[in-house]
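Trainee: Before we discuss this entry, could you show me the model, and then take me through it question by question?

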Amino acid sequence: EVFPPEEAGAAAPVGFLQQLPSYQTALRRRNAPGAGTQGRRNRWGQLVCTTQTVRTVLSLQRLQAGSVAPGPVACCEKVFLVFSNYILILRDLQQADTKYLSGWKQWKRASNKSLKKVLNEVKELSSYLELWRHDIHSIEGKFGTGIQSYFSFLRFLVLLNFIMFILMFSFVTFPSIISKYGIFNSTFAKIPPQNTEPHCTVYTPSGNKGLIYFYTYLKDLLSGTGLLEVTSLFYGYYTIHTAWFGILSYNLPLAYLLATFAYLALSFIWIIKRSVEGFKQNLVHDEDQFQSYCNKVFAGWDFCITDPNAARLKHRSLQYELQTDLEEERLKQKIADRTVKEKLRIYSLRIFINIIVIAVLSGCFYSIYTATVFSQENSSDISNVNFQANLLVQYLPSIVITLANFIAPQIFSFLIRFEDYSPAFEIRLTLMRCVFVRLANIGVLLFSLWSQISYCSTDECKACGYNYKLYPCWETEVGQEMYKLTIFDFMIILAVTLFVDFPRKLLVTHCSCKLVQWYGLQEFRISDNVLEIIYGQTICWIGTFFSPLLPAIATIKYFIIFYIKKISLIHTCKPAARPVRVSSSNFFFLLVLLIGLVLAFVPLGISIAHIPSSKACGPFKSFNTSWEVVPDTILGFPTGLQQVLHGIASEAFAVPFFVVICLVMFYFMALAGAHKRVVEQLREQLVLESRDKLFLIRKITEAQ
């Protein structure tokens, strides 16, 4: 270190430095039995008195000599003068260091400083363009950062779905529309399926004919049938193989498949990026119990809160967290003191409860499977005149899934009380079970559809590869199911707010009955609301391949949900008495969202690579599966490029690539371990520096 000129000739206060706690700790470790030479060298270089401590001592000497502030000055003011002197010293050091740099390095440093300043200004200006910036800040001020994290998460999904819509519309919908209507002198070509039986290519959409009742339009709007079935909303509309814009040709099947991969990759990268940021915050809070206690006591208050009710709630929240910590410590002690008989009893009880959980899940899955099969087999048999029955049958899978999503979590919350877990683990286990129910229900629905699509009992059906009689365009049928789930999920959210939360608010406000007052207002549970929108987002990821404009519907849906939840929070609900920690909740929500995305990969991968594509509709009707468009496109490349691509796809390239990936992974794992050790050493050094400061302040007090 380079010391300032006024300190260069000063004698180092060796005797005084040797009294510092950091020096004494380093000395003890250096002389400890069994300490190796390398370990002593590392600890001595890191834990011996820091430059900051030396500057503090030198400033203390000048303070005692009267060179800092003559006359009687209070102790706190002297300490402030000592530490403010650090800033002046560091600034002088930076200016002195700049004088000895070359012209190139000085220009580079000045350019980096100017560029950083410009980027900060651009970032500050762009923050004013953020969607719902004022609303989210207002919510944060009234209810704290916990509830604000939910609305920020909702804004993230709105932006994600909007970008997904832009991708699908730009590369799939827009070229199809302008080529069909001949805009910009564009033309198109349709290639009929090769080696396909004629009966496989018959597809007659269920369009409305003759006299049409008004409620038929309503049914079509809610179920995606009728006029909507033949629009660009669903897969069956895109029957073009190649579009020409002048001399340029546009391969729509390849664009359709690449756009699907693009929105999945974009979602994956964006979620990973946000998860890494949340994981960093989570690591900061991953401390021992003593540090956790200190953080709650001295740094647990949320200074964004301005509302008195929210402040009282924050008081109760901190009290609840401290009680939870004490309860967890009590349970740890109780677990350590358990006898063999008690352990056998509790493990037997947990096994029995998990059997009940599995039985509940099995009942939910069987109900969804049965409802889906019944709906698919009977939706076309009921006359359109019977509007209510037709709509009920078509929405039967959505209704059963919604009931399962509501009933199963209530059962899990009741059973978890008997498993004798810690409060924090109870919350995590219940949430994971609820996540599994919601996401697995979608998987069961798709499995039910695929079992019906793939069921073939005749030679004619086997020639097509799928049940062409019941599903002449099975991709559109799957898209309609995803569309109905999206619409029904939005209707449930709106109905609960209007017909449950608002009447409950009126009863609590105007009715003095003890039972009503005990029941109270509905709590705004962050975890339940987030799982609700993650469920809807998983449906959107799966359904976008079968309904390219579904992200637009999801964008509008979440845009309206934002205001519904905001009004509900302000006027009808109260914040939860047991809020989850913001950093861990953000990371957990993104982790669950990532699980939903991975779940979406499975049905999409099966639909693209395994199930035969419809021969009567869609851009892939001339291919056996949707994936076959990729090798068909590669065959049109030059021979050299084909050989390169085939080499990349071969085992000769895959094995070395896998070995290199493993080496890179091991390198980053070793680098992460080294960084972890450095972080531990820096934390220990910060502790020692804090002890040095307390020691110096004590000396200043004694010098009075």
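Mentor: Let us begin with a definition: buried means under 20% relative accessible area, exposed means over 50%, and partly exposed covers what lies in between. Please keep in mind that this is a predicted model.

Trainee: With those cut-offs, is G465 buried, exposed or partly exposed?
Mentor: G465 sits in the loop between α18 (459-464) and α19 (474-510). Its relative accessible area is 28%, and because the in-between class runs from 20% to 50%, G465 counts as partly exposed.

Trainee: Which residues does G465 contact, once its neighbours within four places in sequence are left aside?
Mentor: A C-alpha distance is a separate matter from contact, and for G465 and I453, twelve residues apart in sequence, that distance is 9.1 Å. Contact requires heavy atoms within 4.5 Å, and by that criterion the partners of G465 are C456 and P612.

Trainee: Which helix holds S275, and is S275 buried or exposed?
Mentor: S275 belongs to helix α11, which covers residues 252-284. Not counting residues up to four places away in sequence, S275 touches F587 and L590. Since its relative accessible area is 10% and the limit for burial is 20%, S275 in α11 is buried.

Trainee: Which helices each supply at least two residues of the nonpolar surface patch?
Mentor: The patch is formed by F268, I269, I272, V276, V598, F601, V602 and I606, which together have about 620 Å² of accessible area. One of these residues, F268, is found in helix α11 and is partly exposed, with a relative accessible area of 35%. The helices that each supply at least two residues are α11 and α23 (582-609).

Trainee: How far apart are the end C-alpha atoms of residues 254-272 and of residues 430-450?
Mentor: Both spans are among those covered by the annotation "transmembrane region" in an unreviewed UniProt entry. Residues 254-272 are 100% helix and 0% strand, and residues 430-450 are likewise 100% helix and 0% strand. The end C-alpha atoms lie 27 Å apart for residues 254-272 and 30 Å apart for residues 430-450.

Trainee: For the protein chain as a whole, what share of the contacts with a separation of 6 or more joins residues 24 or more positions apart?
Mentor: The secondary structure of the chain comes to 26 helices and five strands, and buried residues make up 41% of its 704 residues. The chain exposes about 39,400 Å², of which carbon and sulfur atoms supply 65%. Among contacts with a separation of 6 or more, the share from residues 24 or more positions apart is 77%.

How values were computed: Residues numbered from 1 in each chain as written. Predicted model: local features only at pLDDT ≥ 70, side-chain atom pairs only at ≥ 80, totals over all residues. Heavy atoms only, no water. UniProt positions renumbered as here; feature names shortened; annotations may be inferred. Helix = DSSP H or I, 4+ residues; strand = E, 2+ residues; numbered from the N terminus. Buried < 20%, exposed > 50% of the residue type's maximum accessible area, 1.4 Å probe, protein only. Patch = residues over 30% accessible without salt bridge, like charges linked within 9 Å, V, L, I, M, F, W, Y side chains within 5 Å. Areas by Shrake-Rupley, 256 points an atom, 1.4 Å probe, with all protein chains shown as cover. Salt bridge = Lys/Arg side-chain N within 4 Å of Asp/Glu carboxyl O.
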